[in-house]
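Colleague: Before I take any label on trust, I would like to hear the reasoning that stands behind it. Could we go through the side-chain pairs together?

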Amino acid sequence: MTGKDNNILVSVIVPFYKGEKTIGKTIEGILGQSYENFEIIIINDGSPGNHHLALEPYLNHNKVIYLETTNGGVASARNHGIERSNGSLIAFCDQDDVWLPNKLELQVPKFEDSNIGLVYGWYYNNYHNGNTELVDEIYEGQCFERLLEGNFICCCTVIVRASLLVSIGNFDADRELMGADDRYVWLRISMLSKVALIKEPVAIYNRHENNYSSNEKEMLLADLCCINKLEKNVILPSEKLGLYNKARTNIYAHYVKNFLYNNQYAEAKKYCAESLSITFTQPKAMMLYVALSIFPGALINWIKKFNKH
């Protein structure tokens, strides 16, 4: 790490809402960074209950700025923190995720390249059953079209230039976008700059039943809202207009698969039909829709189990 790198202040945005059980590990992970020039902005998003005991040990720390706001959702809370930030780089860590010690040290030097506007990295999925999984993405450079195909950037691994966030108006706090508000930001930033990737783990993303992203139906609707907003605000060249519908069919395919896995056959059939309403040239979706229309759920469940063997 050069002296030049250490002169760059990173503002770390940490929204807080009912996170008493996990916020301590999150803050400790940030305070334990090998790169030392950062500030932590904790935004209490109108959290009810006795949260003071969990936050109190950190409120007088010289790196911590504590803010309170009425409940407006995670995007609104992030915006509140961004508006009070002092850094030229903005990083994100939610209240139940944990940074690895060298995250900032690995990522900050990437911004010496003025063409880079966003840096993300590999991370571990940590499941509530104790299993872990390394997520090692490969995409970097010009990533807009790949992000349209599907989101591959985990929020707790991201650092972005503050100037780019300002230029796009920060996060969209529309509640219908909740869960995909970060993808909407990555898409817009990727239109303005290149993306860099750290090819080693920089964070732990804790997956549990209280994650908003575990609500498949809400996430499907949020992802569709993301694409609809982008299409409304970003006019692509005529030869690329089909990318928006491709993005929608990818969303349907992803969540239909999840509905099937969770034995939610009515939801799978409904959204399979919506995908086919965009275009019928989807052989797998067509066959699945026919199967869901003819066979009872119990039979499909048996077929799923049989295929596993």
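**Labels and the values behind them**

Modeller: Arginine 248 is a good place to begin, since its relative accessible area of 11% makes this residue buried; please keep in mind that the model is predicted.

Colleague: Why is arginine 248 called buried?

Modeller: The label buried requires a relative accessible area under 20%, and arginine 248 has 11%, so the residue meets that condition. Its partner glutamate 231 has 36%, which lies between the limits of 20% and 50%, and therefore glutamate 231 is called partly exposed.

Colleague: What makes arginine 248 and glutamate 231 a salt bridge?

Modeller: Their closest N and O atoms are 2.5 Å apart, and because the cut-off is 4 Å, the pair qualifies. Arginine 248 belongs to helix α10 and glutamate 231 to helix α9, so the bridge ties together parts that are 17 residues apart in sequence.

Colleague: How many salt bridges does a search of the whole structure find?

Modeller: The search finds nine. One of them joins arginine 78 to aspartate 181, with the closest N and O atoms 3.0 Å apart, a distance that is within 4 Å and therefore counts. Arginine 78 is in helix α4 and aspartate 181 in helix α8 (residues 181–192), so this pair connects parts that are 103 residues apart in sequence.

Colleague: Are arginine 78 and aspartate 181 buried or exposed, and how do you know?

Modeller: Arginine 78 has a relative accessibility of 3%, and aspartate 181 has a relative accessible area of 3%; because each value is under 20%, both residues are called buried. Arg78 and Asp181 are also joined with Asp94 into one network by salt bridges that share partners.

Colleague: What makes lysine 240 and glutamate 145 a salt bridge?

Modeller: Their closest N and O atoms are 2.5 Å apart, which is within the 4 Å cut-off, so the name applies. The pair links distant parts of the chain, with lysine 240 in the loop between α9 (216–233) and α10 and glutamate 145 in helix α6 (residues 144–149), 95 residues apart. Lysine 240 has 32% relative accessibility and glutamate 145 has 34%; because both values fall between 20% and 50%, both residues count as partly exposed.

Colleague: Turning to the rings, why is the pair of tyrosine 123 and tyrosine 205 called edge-to-face?

Modeller: The rule that gives seven aromatic pairs here asks for ring centres within 6.5 Å. In this pair the centres are 6.4 Å apart and the planes are at 85°, so the distance passes, and because the angle is over 60 degrees the pair is edge-to-face. Tyrosine 123 is in strand β6 (residues 116–127) and tyrosine 205 in strand β9 (residues 194–207), 82 residues apart. Tyrosine 123 is buried at 9% relative accessibility, and tyrosine 205 is buried at 14%.

Colleague: And why is the pair of phenylalanine 259 and tyrosine 271 called stacked?

Modeller: Here the centres are 5.7 Å apart and the planes are at 20°; because that angle is under 30 degrees, the pair is stacked. Phenylalanine 259 lies in helix α10 (residues 242–261) and tyrosine 271 in helix α11 (residues 265–278), 12 residues apart. Both residues are buried.

Colleague: What makes you say that a charge sits over the ring of tryptophan 99?

Modeller: The charged end of lysine 103 is over that ring, 4.2 Å from its centre, and the distance limit is 6 Å. Likewise, arginine 188 lies over the face of tyrosine 184, at 4.2 Å from the ring centre.

Colleague: How do you know that cysteine 154 is in no disulfide?

Modeller: The nearest cysteine sulfur, that of cysteine 156, is 3.6 Å away, and because a disulfide needs the sulfur atoms within 2.5 Å, this pair does not qualify. For cysteine 143 the closest cysteine sulfur is in cysteine 226, at 15 Å, which is too far for a bond. The search of the whole structure accordingly reports zero disulfides. Cysteine 143 is buried at 2% relative accessibility, and cysteine 154 is buried with a relative accessible area of 8%.

Definitions and conventions. Residues are numbered from 1 along each chain as its sequence is written. This is a predicted model: local features need pLDDT of at least 70, side-chain atom pairs count only at pLDDT 80 or more; totals for chains, interfaces and linings use all residues. Side-chain values use heavy atoms; hydrogens and water are left out. Rings of Phe, Tyr and Trp (its six-membered ring) pair if their centres lie within 6.5 Å; planes under 30 degrees apart count as stacked, over 60 as edge-to-face and the rest as tilted. Helices (H or I, at least four residues) and strands (E, at least two) are DSSP runs, numbered from the N terminus. Buried means under 20% relative accessible area, exposed over 50%, partly exposed in between (1.4 Å probe, protein chains only). A charge sits over a ring if NZ of Lys or CZ of Arg is within 6 Å of the ring centre and within 35 degrees of the ring normal. A salt bridge is a side-chain nitrogen of Lys or Arg within 4 Å of a carboxyl oxygen of Asp or Glu.
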